[in-house]
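Let's take a walk through this structure together, one element at a time. Keep the view at hand and turn it as we go.

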Amino acid sequence: MQTIDSFNFAGKKAFVRVDFNVPLDGNYGVTDDTRIRAGIPTLRKILSDGGSAIIASHLGRPKGVAEKFSLKHVLATVSERLGVEVGFAGDCVGEEAKAKASALKPGEALLLENLRFHAEEEGKPRGLADDASEEEKSAAKKAVKESQKAFTKILASYADVYVNDAFGTAHRAHASTALIADYFDAGHKMFGYLLEKEIKAVEKVLTDIHRPFTAIMGGSKVSSKIDIIENLLGKVDNLIITGGMTYTFAKAAGGRIGHSICEDDKLELAGELVRKAREKGVNLVLAVDAKIADRFDNDAQTGYADVNSIPDGWEGLDIGPKTEAIYAEVIRASKTILWNGPTGVFEFENFTHGSRSVGEAIVEATQKGAFSLVGGGDSVACVNKFGLAGGVSYVSTGGGALLEAIEGKTLPGIKAIRGF
């Protein structure tokens, strides 16, 4: 398989799929350029070799052309970080994009407009009436799939080389993340530096395991993490289940959880996961106490309670000090650590302590030689908010892609290049 380090881009045009889906403020200013900075090394390699880069990304989830989702808002930041005045095409397909891509000289870069302004990027029909018949839905889906081929072919026609550096969308079989790879032979398609690092980090945490291996799974719903949890039960020594899922497990065990978030239809499933963990010899670590509030608000009245004895009218919004100590002891003794999901509503300053304590324990373990991978939007936001990102082994830029990789799924964007 071709690698970016061994390829000479001199005189070549490279179509580079990046993930510049960054947050913007009310004036369309970039508030966090982490993903842009992560993609810069790949772009610099191409330009420094004497190649040119056609940069493609999505931004948000538009249902057509929308000003707030225009990539022109990130252009200045991309140019500043790359150190090159990057050009811009007002569409990703069409005569303007074609002409500007064709005119690129060595060392130059062009940013295309949001790929998702076109339904063909995702291959999903738009504008269907809510009461559309199954026949109409089927016809619309077939039509967009057909036009997707033409859309993909146009994107591929701009370049000599395809580089995928967007781990955040590697789990999507979209035109620019997977289908486009078919237009390039094995020697002219490759991963960018970021995607290479992401793949290595995920494979290390799931295959090159130094024990004890501890996974920390947060989040509000058991239903959204069931496949991940079941896959991890066959790999980990310790599984810490935290966040909103705590209260589903507590209620399943007969606890009183007040007004805490709970999936009542998943109580049996929670009990089944406890049984499976026991059968596999996995140390399933659940919270024993919670920081509770009388309403869902940063300024709510707070207290602490046993997770199985939360008073009516109160809800758990973070773990308590006893749980913090239990989690920290397990984490500090670990050699491989995966963290996905905070322990509570860390967006509220008064409920950040649990997530911070987990992050600090991970940093301590990492300093002692553990390999730690932090991934998923909220976990990444946690380590960044607490200034801990530099203390862990790897912070993944992928949310859904990382979760599907942990589940053991083959990611289309990766398979399209390396074949598996």
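Strand 1 and strand 2 are a good place to begin: they pair in the parallel sense over five bridges. To find the register, look for F15, whose bridge partner in strand 2 is I54. Between the two strands the chain passes through helix 1, and this β-α-β crossover is right-handed. Please bear in mind throughout that the model is predicted.

Stay with strand 2, which covers residues 52-56, and ask how many of its residues are buried. The answer is five of five, so the strand counts as mostly covered, with buried meaning under 20% relative accessible area. In a regular strand, side chains alternate between the two faces of the sheet. Here S52, I54 and A56 point one way, while A53 and I55 point the other way, and all are buried. Strand 2 also has a parallel partner in strand 4 (residues 109-112), to which three bridges join it. There, I55 has L111 as its bridge partner.

On the way from strand 1 (13-17) to helix 1 (34-48), the chain runs through a loop that holds Y28. This residue is worth a pause, for Y28 has a positive phi of about 65° although it is not a glycine. Is Y28 buried or exposed? Neither label fits: with a relative accessible area of 31%, Y28 is partly exposed.

Next, turn to helix 5, residues 134-157. At 1.5 Å a residue, its 24 residues should span 34 Å, and the end C-alpha atoms are 35 Å apart, which agrees. The buried residues of helix 5 are A140, V144, Q148, F151, T152, L155 and A156. An α-helix has 3.6 residues a turn, so residues three or four places apart point the same way. What do the buried residues of helix 5 pack against? They pack against strand 1 and helix 4 (119-122).

Further along, the loop between helix 6 (193-207) and strand 7 (213-217) contains P212. A cis peptide bond joins R211 to P212, with omega about 10°.

Strand 7 leads us to an open sheet of six strands, in the order 10-8-7-15-16-17, with parallel pairing. Its edges are strand 10 (283-286) and strand 17 (394-395), each pairing on one side only. Within this sheet, strand 15 (residues 336-340) and strand 16 (residues 371-374) run parallel and are joined by four bridges. As a last stop, find T336, which stands opposite F371 in strand 16.

Technical notes: Residues numbered from 1 in each chain as written. Predicted model: local features only at pLDDT ≥ 70, side-chain atom pairs only at ≥ 80, totals over all residues. Heavy atoms only, no water. Buried < 20%, exposed > 50% of the residue type's maximum accessible area, 1.4 Å probe, protein only. Pairing = 2+ DSSP bridges. Right-handed = clockwise from strand over helix to strand, strands pointing away. Expected span 1.5 Å × (residues − 1). Contact = heavy atoms within 4.5 Å.
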